[in-house]
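Subject: A structure for you to explore

Hi there,

Here is the structure I promised to pass on to you. Have a look at it first, and then read on for what turned up.

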Amino acid sequence: MGKLKVGVCVVGSIGTNCYILTNEDTGEVVIVDPGDEAETILAHAVGHGEKLAAILLTHGHFDHILAVNEIRAKWPDAVVYAAEAEKDLLADPHLNQGYYDTRACVSADIWVKEGDVIKAGGLSFSVIETPGHTRGSICFYMEAEKLLFAGDTLFYRSWGRTDLPTGSEDDMEFSLARLCTTLPEDVTVLTGHGEMTTIGFEKKVKGFA
């Protein structure tokens with residue numbers, strides 16, 4: 001496993017956290033949720049000659065995917081990963097709230113599901129299915145680094161809304177309980193919006209302690 005550097009760009013109309021992970025041993029980059037402003041993201045991600053290896057999508061809402069196709073056009077070898085259960089939402093701007101913006105139509109190169117392990121850029125990510133915000137919402141867990149890329153499932157003192165297409169309050173309650181009771185308390189949660197948190201803190205705040 002290479003030495004990891006984690007950066008974040010806050011992009012788009014509602015301030016989405018786009019994470020840029022650099023394997024400093026190889027210069028390879030993985031981007032999580034490129035929500036908009038492709039040029040800004042690319043300037044951070046590949047501004048120093050690194051190679052873009054992969055794009056990981058936690059879910060299909062427009063504010064997490066708008067820069068995908070533009071980044072792909074510049075780095076066609078980058079592999080896009082998304083949840084198999086999110087295919088329909090990613091492809092339909094009416095479902096993913098992109099409406100008539102064609103940038104809100106995205107397809108993955110590799111569709112993943114619960115338990116899959118992604119090897120990209122010399123980094124390793126376990127896929128955890130966390131339906132609730134959308135049917136196909138997933139988190140990416142880096143066990144060795146104790147990092148969880150949670151998208152809009154888990155926020156600091158909060159969680160993602162469930163009243164949009166394919167969302168479910170019951171599923172969200174189950175997903176939150178699962179994350180807070182099965183992951184180590186010292187795991188850092190990198191959220192889709194707002195500040196980072198930890199599993200231990202959210203476990204107490206949400207009443208799972």
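The accessible surface of the chain comes to about 9100 Å², and carbon and sulfur atoms account for 51% of that area. Please keep in mind as you read that this is a predicted model.

Let's begin with the chain as a whole. It contains 5 helices and 14 strands. Its radius of gyration is 16 Å, close to the 17 Å that the globule rule gives for 209 residues, so the chain is as compact as a globular protein of that length. Along the principal axes, the C-alpha trace spans about 45 × 40 × 30 Å. Of the 209 residues, 53% are buried. If you take the contacts between residues at least 6 apart in sequence, 60% of them join residues at least 24 apart.

Next, the charges. The chain carries 17 positive and 32 negative charges, and the mean positions of these two groups are 4 Å apart. How many salt bridges are there? The count comes to 11.

One of these pairs is K3 with E24, whose side chains meet at 3.9 Å, N to O. K3 sits in the segment before β1 (4-11) and E24 in the loop between β2 (16-23) and β3, so this salt bridge ties together parts that are 21 residues apart in sequence. K3 is exposed, with a relative accessible area of 54%, while E24 is partly exposed at 41%.

Another salt bridge joins D101 to R103, with the closest N and O atoms 3.1 Å apart. D101 has a relative accessible area of 24% and is partly exposed; R103 is partly exposed too, at 32%. Both residues belong to a network of salt bridges that also includes D36.

K113 and D116 form a salt bridge as well, and here the closest N and O atoms are 3.7 Å apart. K113 counts as partly exposed at 42% relative accessibility, and D116 counts as partly exposed at 22%.

Now for a charged residue in another setting: D33. You can find D33 in the loop between β3 (28-32) and α1 (38-45). D33 is buried yet has no salt bridge. Where is the nearest side chain of opposite charge? That side chain belongs to R72, and it is 13 Å away from D33. A salt bridge needs the nitrogen and oxygen to be within 4 Å. Leaving out residues up to four places away in sequence, D33 touches T16, N17, C18, L56, L57, T58, H59, H64 and G151.

Finally, take a look at L148, which belongs to strand β10 (residues 147-151). Is L148 buried or exposed? Its relative accessibility is 0%, so L148 counts as buried. L148 and V189 are 41 residues apart in sequence, but their C-alpha atoms are 4.8 Å apart in space. V189 is also among the residues that L148 contacts, once neighbours within four places in sequence are set aside. The others in that list are I128, C139, F140, Y141, L179, L183, V187, T188, L190 and I199.

If you would like a place to start in the viewer, try L148 and V189, and then go over to D33 and R72. Have fun exploring!

Best wishes

Definitions and conventions. Residues are numbered from 1 along each chain as its sequence is written. This is a predicted model: local features need pLDDT of at least 70, side-chain atom pairs count only at pLDDT 80 or more; totals for chains, interfaces and linings use all residues. Side-chain values use heavy atoms; hydrogens and water are left out. Helices (H or I, at least four residues) and strands (E, at least two) are DSSP runs, numbered from the N terminus. Buried means under 20% relative accessible area, exposed over 50%, partly exposed in between (1.4 Å probe, protein chains only). Lys and Arg count as positive and Asp and Glu as negative; His and the chain ends are not counted. Contact means heavy atoms within 4.5 Å. The radius of gyration is taken over C-alpha atoms; the globule rule is 2.2 Å times the number of residues to the power 0.38. Accessible areas come from the Shrake-Rupley method with a 1.4 Å probe; for residues, only the protein chains shown count as cover. The place of a charge is taken as NZ of Lys, CZ of Arg, CG of Asp or CD of Glu.
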